[in-house]
Amino acid sequence: MVFLNLPMLVRSRGPDEFWRKRRIFKLAAHYRSRTRNVYSFAIRSVHRALAYATKGRKLKKLDMAQLWSTRVEAGCQQYGVGLETFKEGLARSDILLNKKVLSDLAIWEPRSFEALVKISRERAAVEGMPDIKRRSAFNQVYGLSNLKLD
């Protein structure tokens with residue numbers, strides 16, 4: 001583009017403005033009414049939506065971590081071991097599993113989780129760590145393999 005005078009050069013924004021606005025309108029394509037069509041409304045709504053999306057990603061991570069902790073704690077209570085004792089016993093036994101893996105084991109593979117609890121409990125007993133309770137009969141899950149038919 002050739003401009004013969006300076007005011008026309010300053011006034012022309014060129015293709016950059018088109019693509020900048022197009023990016024905002026693409027993000028606002030699913031909105032209703034003027035938030036979809038009018039740039040000043042669309043950019044406000046898009047910025048707000050992006051801010052909420054950022055917060056939502058952080059909250060999702062916190063929610064999942066809390067869920068995993070709750071599941072592992074419930075599994076530990078079932079076998080009569082405190083959560084901190086369980087984690088400390090696993091760490092001292094050089095078993096390094098994160099919260100997600102432990103929660104999946106507690107939910108989907110209870111026998112594997114029980115084996116981990118036994119390892120952790122033995123390590124805690126050997127090293128004299130606190131918070132080891134006797135396993136209650138009410139917390140056990142009974143199946144045919146647990147019944148003594150003598």
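# Chat about an all-helix chain

Trainee: Leaving aside neighbours within four places in sequence, which residues is Phe-86 in contact with?
Mentor: Phe-86 is in contact with Val-72, Cys-76, Val-81 and Leu-102. The list goes on with Phe-113, Leu-116, Val-117 and Ser-120. Keep in mind that this is a predicted model.

Trainee: Which residues touch the most other members of the largest nonpolar core?
Mentor: Phe-86 is one of them. The others are Val-72, Cys-76, Leu-102, Phe-113, Leu-116 and Val-117. That core has 13 residues.

Trainee: Which elements give two or more residues to this core?
Mentor: Helix H4, residues 39–78, and helix H5, residues 83–92, do so. H6 and H7 do too.

Trainee: And what does the second core include?
Mentor: The second core is separate and has 5 residues. Among them are Ile-24, Ala-28, Tyr-31 and Val-46.

Trainee: Why would nonpolar side chains be buried together?
Mentor: Take it as a general trend: in soluble globular proteins, nonpolar side chains tend to be buried together.

Trainee: Back to Ser-120. Where is Ser-120 found?
Mentor: Ser-120 is found in helix H7, which spans residues 110–127.

Trainee: Is Ser-120 buried or exposed?
Mentor: Buried. Its relative accessible area is 1%, and the cut-off for buried is under 20%.

Trainee: What does the side chain of Ser-120 reach?
Mentor: The backbone oxygen of Phe-86, at 2.9 Å. Ser-120 is also in contact with Thr-85, Gly-89 and Leu-90, along with Phe-86 itself. That list leaves aside neighbours within four places in sequence.

Trainee: Now Ser-103. Which helix does Ser-103 lie in?
Mentor: Helix H6, residues 99–108. Ser-103 has 0% relative accessibility, so it counts as buried.

Trainee: What does the side chain of Ser-103 reach?
Mentor: It reaches the backbone oxygen of Lys-100, at 2.9 Å. Not counting residues up to four places away in sequence, Ser-103 touches Trp-68, Arg-71 and Val-72. You met Val-72 in the largest nonpolar core.

Trainee: New topic. How many salt bridges does the structure hold?
Mentor: The structure holds 2. Glu-17 pairs with Lys-21, with the closest N and O atoms 3.2 Å apart. Glu-88 pairs with Arg-92, and there the closest N and O atoms are 2.9 Å apart.

Trainee: Why are Glu-17 and Lys-21 separated by about one helical turn?
Mentor: Because they are 4 residues apart in helix H2, residues 14–27. Glu-88 and Arg-92 are also separated by about one helical turn, because they are 4 residues apart in helix H5.

Trainee: Are Glu-17 and Lys-21 buried or exposed?
Mentor: Glu-17 is buried, with a relative accessible area of 17%. Lys-21 is partly exposed, at 27%.

Trainee: And what about Glu-88 and Arg-92?
Mentor: Glu-88 counts as partly exposed, at 34% relative accessibility. Arg-92 is partly exposed too, with a relative accessible area of 35%.

Trainee: Zoom out. How many helices and strands are there in the chain?
Mentor: There are 7 helices and 0 strands. From the N terminus on, the order reads α-α-α-α-α-α-α.

Trainee: What share of the residues is buried?
Mentor: Buried residues make up 21% of the 150 in the chain. The chain exposes about 11,900 Å². Carbon and sulfur atoms supply 57% of that area.

Trainee: And what share of the contacts comes from residues 24 or more positions apart?
Mentor: They account for 51% of the contacts with a separation of 6 or more.

Terms used: Residues numbered from 1 in each chain as written. Predicted model: local features only at pLDDT ≥ 70, side-chain atom pairs only at ≥ 80, totals over all residues. Heavy atoms only, no water. Buried < 20%, exposed > 50% of the residue type's maximum accessible area, 1.4 Å probe, protein only. Polar contact = N/O pair within 3.5 Å; in protein donor to acceptor, adjacent residues only side chain to side chain. Contact = heavy atoms within 4.5 Å. Areas by Shrake-Rupley, 256 points an atom, 1.4 Å probe, with all protein chains shown as cover. Core = buried A, V, L, I, M, F, W, Y, C linked by side-chain atoms within 4.5 Å. Salt bridge = Lys/Arg side-chain N within 4 Å of Asp/Glu carboxyl O.
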